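Here is a relaxed walk through one protein chain. Have a look at the model first, then read on.

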Amino acid sequence: MVGALQQGAYEMVDDAESADVIIVNTCSFIQPATQESIDTVLELAKLKTSGGLKKLVVTGCMVQRYGKDLEGELPEVDAFLGTGEYHRIVDVLRDRNEDAPKTHIDVPMYLHDELAPRINSWSKCSAYLKISEGCDHRCAFCIIPTLRGKLRSRTIPSLVTEAERLVAEGVVELNLISQDSTAYGRDLRGVEGERQGDLGDLMRALAKIDKLRWIRLHYAYPHGLPDSLLDVLANEEKVVRYLDIPLQHASGPMLKAMRRGVTRAGQERILERVRKAVPDISVRTTFIVGFPGETDADFRELYNFVEAQQFEHVGVFTYFQEDGTDAAKLDGQVEDAVKKSRQKELMRLQKRISKKRLKGLIGTTVPVLIEGLSPESDLLLRGRTDRQAPDVDGQVFIQNAPEGVAIGQIRDVRIAQTGDYDLVGEIVD
Ligand code: SF4
């Protein structure tokens, strides 16, 4: 949307008070996200009377989910766009017809391509690359397939063109994202029905881009990881030895009730396969605690699984009983206090695992992507190793940086101190 707006001669401003138009892109994955979206819209709508705001537009998953009902709930809003309509933002803003519909929603079919203008507003040296949209799974707790539609993969040439443009602008790290990365390419068929490439083919094609240094994969659904992916993880220098593979639980009855399509033994086999192919890989995963019917024994099984697997990075979420999902109708909903205490206990375990693992890095030298100044002190730079993803994992703080260090460089850093999740060191190259 930012790219389309810039192409449409709109100018971005840094503060809401000086904007003529405000677009609120919403999340609606669970009720707290919807509530946050509504609160933000109501807060910004005040600028229509107290400031110079002329148009307020709401886009994204909340619109896709609640549709025209929002017109009555939020009369301050001038237009609503669903998840498959964001490319029409400029047309909607320019439409001066008083009788034009306020809400624009359809079955989400749109998939952006290399021709769609794009501004990487998030970082100078790292970018997310959306490789597909939608998901064909039906996990019992998840509303995403309803909001985002069925799997639609982008073609390899389209992704390579977008990536080349990002790299020409200074990006050295690409983070491949989607709702289900493992499924990438399953829907891409040639005229005779033949496959048009999978995840491994895509990553190999991206790795050929000169000046691109790191390619990182997120959201790999555990079941069905293609061999080609393990092959690039093991052998392609630019593909970082890092895999984000959400597992959600470890107890058999929970995995079944969640409809994850995999058993605990199946998950163990998948992890074994990954680690056999890439022995030094860093694995990130996420779990949900407090799913309906989760007993103490189920939780204990999950706890023991995390202890046995010694993952590098773990995120733990408490289950939310979300309207419109099958899990919301299940008996045995777990009390909030129990969910929170299980989340705390599991995170405490992971903190110990992470702390111990990081201690082992003291004295070693690791490559670090320089990203900017530390928010805590201008005397420190911050960056990430190839084993730390943006936003979700820890960081590296760099002391006594020499002259000439710049954002986007990958420098060798000797680790001197470690915390629970972060590292501290000095550049030694
Ligand atoms: S695979 Fe992910 S996006 Fe798809 S239904 Fe399951 S949790 Fe939701």
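The chain splits into domain 1 (2-104), domain 2 (126-359) and domain 3 (365-427). Keep in mind that this is a predicted model.

Let's start where two of those domains meet. The C-alpha centres of domain 1 and domain 2 are 31 Å apart. Their contact draws on 9 residues from domain 1 and 6 residues from domain 2. Which helix gives the most to the side of domain 1 that touches domain 2? That's helix α4 (residues 61-66), which puts in 3 residues. Sorted by class, that side of domain 1 comes out as 3 nonpolar, 5 polar and 1 charged residues.

Now for the sheet. It is an open one, built from 6 strands with parallel pairing, and the order across it is β5-β8-β9-β10-β11-β12. At the edges you'll find β5 (126-130) and β12 (313-318); each has a single partner strand, so one side of each is left without a neighbour in the sheet. Going from one strand to the next, the twist averages 20 degrees.

Zoom in on one edge. Strand β11 (residues 282-289) runs parallel to β12, and 6 bridges join the two. To see how they line up, find T285, which stands opposite V314 in β12.

Helices come into the picture too. Helix α9 (residues 199-207) lies across β8 (173-177), β9 (214-217) and β10 (239-244), and it runs at about 160 degrees to β9.

Then there's a pair of helices packed against each other. Two packed helices are described by the angle between their axes and the distance between the axes. For helix α10 (residues 227-235) and helix α12 (residues 264-277), the angle is about 35 degrees and the axes are 9 Å apart. On the α10 side the contact is made by L230, L233 and A234, while α12 brings R273, V274 and A277. By class, this contact has 5 nonpolar, no polar and 1 charged residues.

Last stop: the ligand. Which residues are around it? They are C135, H137, R138, C139, C142, I144, P145, Q179, D180 and Y221. By class, this shell has 6 nonpolar, 2 polar and 2 charged residues.

Here are the class counts side by side.

| Group of residues | Nonpolar | Polar | Charged |
|---|---|---|---|
| Side of domain 1 that touches domain 2 | 3 residues | 5 residues | 1 residue |
| Contact of α10 with α12 | 5 residues | no residues | 1 residue |
| Shell around the ligand | 6 residues | 2 residues | 2 residues |

Terms used:
Residues numbered from 1 in each chain as written. Predicted model: local features only at pLDDT ≥ 70, side-chain atom pairs only at ≥ 80, totals over all residues. Pairing = 2+ DSSP bridges. Helix = DSSP H or I, 4+ residues; strand = E, 2+ residues; numbered from the N terminus. Axes fitted to C-alpha atoms, helices over the stretch in contact; angles between N-to-C directions. Contact = placed C-beta atoms within 7 Å. Near = placed C-beta within 6 Å. Nonpolar A, V, L, I, M, F, W, Y, C, P; charged D, E, K, R; others polar. Domains from an automatic or database assignment.
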